[in-house]
Amino acid sequence: MMKSLRKFLVLQLSLMMALCLGACSGGGSGQAEDPSAKTVKIGVLVSDTTSAEALAFRSYYEDYIKSVYNVEFMFSDELKDAAAEQSAIDNFIANNCQGIISMASADRPAQIEKCESEKIYYAVATGTLTDEQYETYKGYEYYVGAIGPDLSIEYQTGYDMAKYFLDQGYTKFGMFTGASVYFTEMHIYRAAGMLAAMCDAGNGTYNGVTGMDIVGKIMADGGEVTTGKIGSIELNGVVSGYDFDDAWFGKLAAVANDPEVEVLLAVGSGQVTFAGFKPEGKMLGDIDCYTADSVGLMEAGTLNYLAGKFSASIGPIFAATLSAAYGKPIRTSEGNAFALSQGYWVAKDAETAKKYYEVDSSVTDPAYSKEQLDTLIGASYDDFAKFVSAYSFDEIKK
Amino acid sequence: MSRGKRIAGALAIPAGVLIVCMLISMSCGVSLFGSPLSRITFVRAGANVLLVTFALSINLNSGRFDFSIGSAALLSSVISSMITLKLNAGPVVMLILSVVIGGILGLLSGFVYVTVKLPPIIVSLGMALFYEGMAFTLTGGHGVSFASNTALLGFGTVTNYLLISAAALILMIAVFDHTSFGYEYKALVSGQKVAVNTGIREVPNALICYLIAGALMGAQGFISATNNGAITMSLNFGSISPMFMAFLPMFIGGFIGRYTSDKVGYLLGALTSATISLTYIRLDIPSSTQQIVSALLMVTFLIYLNNEGKLKQLLKH
Amino acid sequence: MKNRQRKINAAGILNAAPVIGLILLAAVFVIIALVKDINLSYSFKNIVNQSIITMVVATGAIYIYTLGAFDISLGASMCVSAIVGAMAFNRTGSLAVMLAVCLGCAVLISLISSLLASVFNLPVFVTTIAMLSLLNALVMVLIRANGTGDVVQVPAAAVRSINNVWFRLLVLALFMILCVTTFNYMKLGRQEKFVGGNPLCAKLTGMNAKKLSVIGFMMAGIGVGLGAFLTIVYAPTLSRNTAGSVGMDVIISIVFGGMPVSGGARSRITSAAVGALSMTMLSQIMLVLNLDSGISQMVKAAIFLLVVSVSMLNSRKQILPR
């Protein structure tokens, strides 16, 4: 009897699945007649759910944007690989999302292809496509565009940070190169920028190369940055990866406390890597985002330079996605998707960091308010590009 | 076995590893313990590994595999640091809170285990997910940061790490080797059914085991947190990795336990492991090489351990 | 007599708890889907689609679990197999070669694990922990050797024709037929259950536990190899994080499906499929409810423990399980 019960249950379940699979041909997102009156569902792909930056972005969308627009956000789980990204997009399609904003980059071409075939608007936030990818996908109807720091901005951000300390006369450095050993381009470009600044200031080369060529050198070395003299500048310690074991923490402590290191530069996560080990008197520069903790560290003198993304920087890409969902996509004069670059807010003192953070964390009056974003819905490409390019704190608050 | 033989047997592995590591370092022109920082790093790694090894071994020796110990360390350090920062208190308060909360979390895991009577590995999977989720929710996903709190960061000294290690060792020896609970624990380890039939109360024994393991992980969470001034969040079993660092010292400890107490064996195993970690740091060994070397060391040691008799016979011939 | 019959009935219902749990989860999902604006047909297709890879790998892993053993390195093994398979495809342009290499690589890794365990008498779990470290390091070495940044890619166009739910279902069906036949209707399954349930008795009756262990690991290897192949087809960009969650997903699915972790006579080959579907269904419910990541994980943990507790109610003993 029990065997029969089990068989019946399994049969029932199989039937349910089969019926649903059979009926799936009718799937896809519907389009309402008056889209602005209907809640627009937007899926957000996130590769990291626990970083300060990812949490700040989520807060801006959920705590501010959702309260002032008729939209609903769905956030993916942490997406570690391309397969997880595909599954998350499938989940959003099943939930009738009209647009997807991606902050995950394991396989952007696959994301774009999938969204195009499923007729869902797709936009890239906090990053950009490569030139080759852009040429391939710029004409796709459902590809909205990308806004974020491109790789040249990442390089320049690293360069500027190192130069800031070099200009003050510091000559002995230690670096945290993050995911460079996993070949993460963003971190490699930032590290290369720092090394290029050292080459310029020290009148030397990094293992025989200078400038942008350092990117290729790091890639060729398996993402490793090596210590040594760069002209008159010394790079005396390097830590990479995210092992979080005793050896890794030990290396961080060793570099942070090395008497032959005056300045610690981090391509990211400097606040959770070097900050805790750093003795007083040493300098620390980091590329990350503005949080209560980072402001606290700057006030305490633990952190001395911060190039940070601001949470509202993902406002314009939301406006462009919403505009597309409303049937008013923003396209270039050639009818292509846009590719716009946006950089960081840089704070060199606690007061500036505090000022940035107060605006950045506000859920009532953030850097990009509804009034500002409203001007982007249905805007021309030129107006949109002009708005995005004026990303500095002073320009936005003006 | 003579005393001299016992001492030699107990020290053979840690001393051998130390000598090999020192020789390798010297050949690379590096002194293994050349700076005060090296000594702190060594003692901290030793304390860290010792606490996890004790915590893991308590239940693993009883056939209870516990995936949740890392998440208990995470959650206890999150709660204790939040309270400590709110009260503007010092490291001692945070340590006590970590140990107490870790103990409570361990007890909760044990309570679920003895209540639902599921295999411990299953319970530990559920509890690991639960604790990770709770830590994430409590901090809004941000974790806890106190990198500029010199009082908490200042705890990391050789003396303090030695004190914690000594306290853990004394606790383990006192509780497991000199109390009726400890005798009952050993009886349950060697013959669960027979022990229960002779009247040993298994449930309280298991609960105390989980409580002690949780408290030890609380202390480990405290050391990790105060070491780098930040607690980062983990989801989807991201917290289980600390458990893996305890296997090699546990097996080494088990071997050394033939010559002395198994607790002292774990201590010497932890020191061996810390020596290897320090060598990685001093020689700047890449992470993937570290993984390969550590895995090969563990497999080689286990092959020796499990085939000792055959090897001895082979050598005789 | 009636009492006995009642007991048998109750035991049967408890055995069916994982399936009942899955149906309940499906019912909850349908109700939520009706309330919220959700494309139900696409959702079910999606759930099946997302469960298949875990189903395949976990079904193969049942052969290891039945022996009372445990392999934590399956995800890493799958990642290595997929990367080597993708590299083979990029050199030959043949999907058949890619499949053969994925299978060959996964079976080879499984054989190394089982031989280490059986020849050197190492505890299986510890062997797989060491293998996990070695394979994770190997992934980085392979990616570096491939020389294409942080990923190894197969052109999406090359796998587009088979990148659909029906192909995946076909692979699953074929593998399930192989597994159900060998596990339920052949000597292999019965011997595995015997060895897992009572190794000493099995040895005394002349069974070769080492040989069975090697065969069990080989079957698991086939599952991992097929999982690697399906992963490339589904998402042809592979990185060091590929299949990162598979190891734990497999354990959770097997347990959620009602399989006893101690193996033995109560092992069921279909547990993995039921468990994988349940886990995906639960994840979908959490997604639709749009809960905070932490709360979502706590709810999942509670439901997991609840379902497994109910399914194992009839296997409780006087002493605590180990």
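Two residues are counted as in contact if their C-beta atoms, placed from the backbone, lie within 7 Å. The model described here is predicted. In the contact between chains B and C, 42 residues come from chain B and 38 residues from chain C. On the side of chain B that touches chain C, five helices give two or more residues each. These are α4 (91–116), α5 (120–139), α9 (192–197), α10 (202–228) and α14 (287–306) of chain B. The largest share, twelve residues, is supplied by α5(B). By character, this side of chain B divides into 24 nonpolar, 13 polar and five charged residues.

Within chain C, a helix pair was examined. Helix α5 (residues 95–119) of chain C packs on helix α6 (residues 124–146) of chain C at an angle of about 140°. Their axes lie 9 Å apart. Angles over 145 degrees would count as roughly antiparallel, so α5(C) is oblique to α6(C). The crossing of α5(C) past α6(C) is right-handed. From α5(C), the contact draws on C:I109, C:S113, C:L116 and C:A117. Facing them in α6(C) are C:V124, C:T127, C:T128, C:M131 and C:L135. Six of the residues in this helix contact are nonpolar and three are polar. None is charged.

Chain A was examined for its strands. Strand β1 (residues 40–46) of chain A runs parallel to strand β2 (residues 71–78) of chain A, and six bridges join the two. A:V40 stands opposite A:V71 of β2(A). Between β1(A) and β2(A), the chain passes through helix α2 (residues 52–68) of chain A. This β-α-β crossover is right-handed.

Chain A also holds an open sheet of seven strands. Their order is β7-β8-β6-β9-β10-β11-β13, and the pairing is mixed. The edges are formed by β7 (228–230) and β13 (345–347) of chain A. Each edge strand has a single partner strand, so one side of each is left without a neighbour in the sheet. From one strand to the next, the twist averages 25°. Inside the strand order, β6 is followed by β9. Strand β6 (residues 172–176) of chain A pairs with strand β9 (residues 263–266) of chain A over four bridges. The sense of this pairing is parallel. A:M175 has A:L265 in β9(A) as its bridge partner.

Conventions: Residues are numbered from 1 along each chain as its sequence is written. Chains are lettered from A and ligands numbered from 1 in the order in which they are written. This is a predicted model: local features need pLDDT of at least 70, side-chain atom pairs count only at pLDDT 80 or more; totals for chains, interfaces and linings use all residues. Two strands pair if DSSP finds at least two bridges between them. A crossover is right-handed if, with the strands pointing away from the viewer, the path from the first strand over the helix to the second runs clockwise. Axes are lines fitted to C-alpha atoms, for helices over the stretch in contact, and angles run from 0 to 180 degrees between N-to-C directions. Angles under 35 degrees count as roughly parallel, over 145 as roughly antiparallel, 65 to 115 as roughly perpendicular and the rest as oblique. A crossing is left-handed if the near helix is turned anticlockwise from the far one by less than a right angle, and right-handed if clockwise. Ala, Val, Leu, Ile, Met, Phe, Trp, Tyr, Cys and Pro count as nonpolar, Asp, Glu, Lys and Arg as charged, and the others, Gly among them, as polar.
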